[in-house]
Each structure stands twice: as structure tokens, then as C-alpha cells.
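User: I would like to go through this fold by question and answer. Please keep each reply short and end it on the value or name I ask for.

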Amino acid sequence: MVRLLTVAGPFHARVVAARLGAEGILAELRGGLDGPYPMGTVDVWVPETDLDAARELLLADEIEAALA
């Protein structure tokens, strides 16, 4: 597994993981996810073989959102 990106909190991390999962890319979340007050940054990790596809997918989503 390799780190794809770091996001500001658990909600954003879960959204990214769900988006990747919808395209068949397994994502692992590491960081401030659990406990009574989940907070802090969360790292999103993907298999090394899926790293390029995950980057392209997130970039395409970002471009689409900017054009909307």
C-alpha cells in the first residue's frame, strides 16, 4: 500500500474511499478516524498497482467540479 493523499478529516476521507471503491479501487484509511472525538488528518492509502488510476480518478473529479 502507498499513500495517495492526506485529507483534513474523517468525513472527507470516507468520501474519497467511497469514490475510489465505486471504481473498484481498494482504499485504506489511517489516522484520526476512531475514538469518541475523531479529528485530525487522515491518510488514504491504495495498492501500489492502483496508484496511477486513483490519481487520475481524483483529478478528473476535481476538474469536473471546477467546471460545474
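The questions below go from the sheet to the helices and then to the core.

User: In what order do the three strands of the open sheet lie?
Analyst: This is a predicted model. The sheet is open and its strands pair in the antiparallel sense. Strand 1 (2–7) and strand 2 (28–31) are at the edges with a single partner strand each, so one side of each has no neighbour in the sheet. The order is 1-3-2.

User: By what angle are neighbouring strands of this sheet turned against each other on average?
Analyst: The strands concerned are those of the open sheet with the order 1-3-2. With direction ignored, the average turn between neighbours is 30°.

User: How many bridges join strand 1 to strand 3?
Analyst: Strand 3 covers residues 42–46 and pairs with strand 2 over four bridges, in the antiparallel sense. Strand 1 and strand 3 also run antiparallel. In that pairing, Thr-6 stands opposite Asp-43 in strand 3. The number of bridges joining strand 1 to strand 3 is five.

User: Which residue of strand 3 stands opposite Glu-28?
Analyst: Strand 2 spans 28–31, and its pairing with strand 3 is antiparallel. Leu-29 stands opposite Val-44 in strand 3. The residue opposite Glu-28 is Trp-45.

User: How many of the five residues of strand 3 are buried?
Analyst: Buried here means under 20% relative accessible area. Strand 3 is largely enclosed by the rest of the structure, because the number of its residues that are buried is four.

User: At about what angle does helix 2 run to strand 1?
Analyst: Helix 1 (residues 10–22) lies across strand 1, strand 2 and strand 3, and runs at about 15° to strand 3. Helix 2 (residues 51–67) lies across strand 1 and strand 3. The angle of helix 2 to strand 1 is about 25°.

User: Over what arc around the axis do the buried residues of helix 1 spread?
Analyst: The buried residues in helix 1 are Pro-10, Ala-13, Val-16, Ala-17 and Leu-20. They are on the same side of helix 1, and what covers them includes strand 1, strand 2, strand 3 and helix 2. On the other side, Phe-11, Ala-18 and Ala-22 are exposed. The arc of the buried residues is only 125°.

User: How far does helix 1 reach from its first C-alpha to its last?
Analyst: Helix 1 has 13 residues, and at 1.5 Å a residue the expected span is 18 Å. Gly-24, with a positive phi near 85°, follows helix 1. The reach of helix 1 is close to that expectation, at 18 Å.

User: Is Pro-10 buried or exposed?
Analyst: Pro-10 is found in helix 1. Leaving aside residues up to four places away in sequence, Pro-10 touches Gly-32, Leu-33, Pro-38, Gly-40 and Val-42. Its relative accessible area is 12%, and the cut-off for buried is under 20%. Pro-10 is therefore buried.

User: Which residues does Ala-54 touch, not counting those up to four places away in sequence?
Analyst: The largest nonpolar core has 13 residues, and Leu-4, Leu-20, Val-44, Val-46 and Ala-54 touch the most other members. Strand 1, helix 1, strand 3 and helix 2 each give two or more residues to this core. The residues that Ala-54 touches are Leu-4, Leu-20, Ile-25 and Val-46.

Note on methods
Residues are numbered from 1 along each chain as its sequence is written. This is a predicted model: local features need pLDDT of at least 70, side-chain atom pairs count only at pLDDT 80 or more; totals for chains, interfaces and linings use all residues. Side-chain values use heavy atoms; hydrogens and water are left out. Two strands pair if DSSP finds at least two bridges between them. Axes are lines fitted to C-alpha atoms, for helices over the stretch in contact, and angles run from 0 to 180 degrees between N-to-C directions. Contact means heavy atoms within 4.5 Å. Buried means under 20% relative accessible area, exposed over 50%, partly exposed in between (1.4 Å probe, protein chains only). The expected span of a helix is 1.5 Å times one less than its number of residues. The arc is that of the directions from the helix axis to the C-beta atoms. A nonpolar core is a set of buried Ala, Val, Leu, Ile, Met, Phe, Trp, Tyr and Cys residues joined through side-chain atoms within 4.5 Å.
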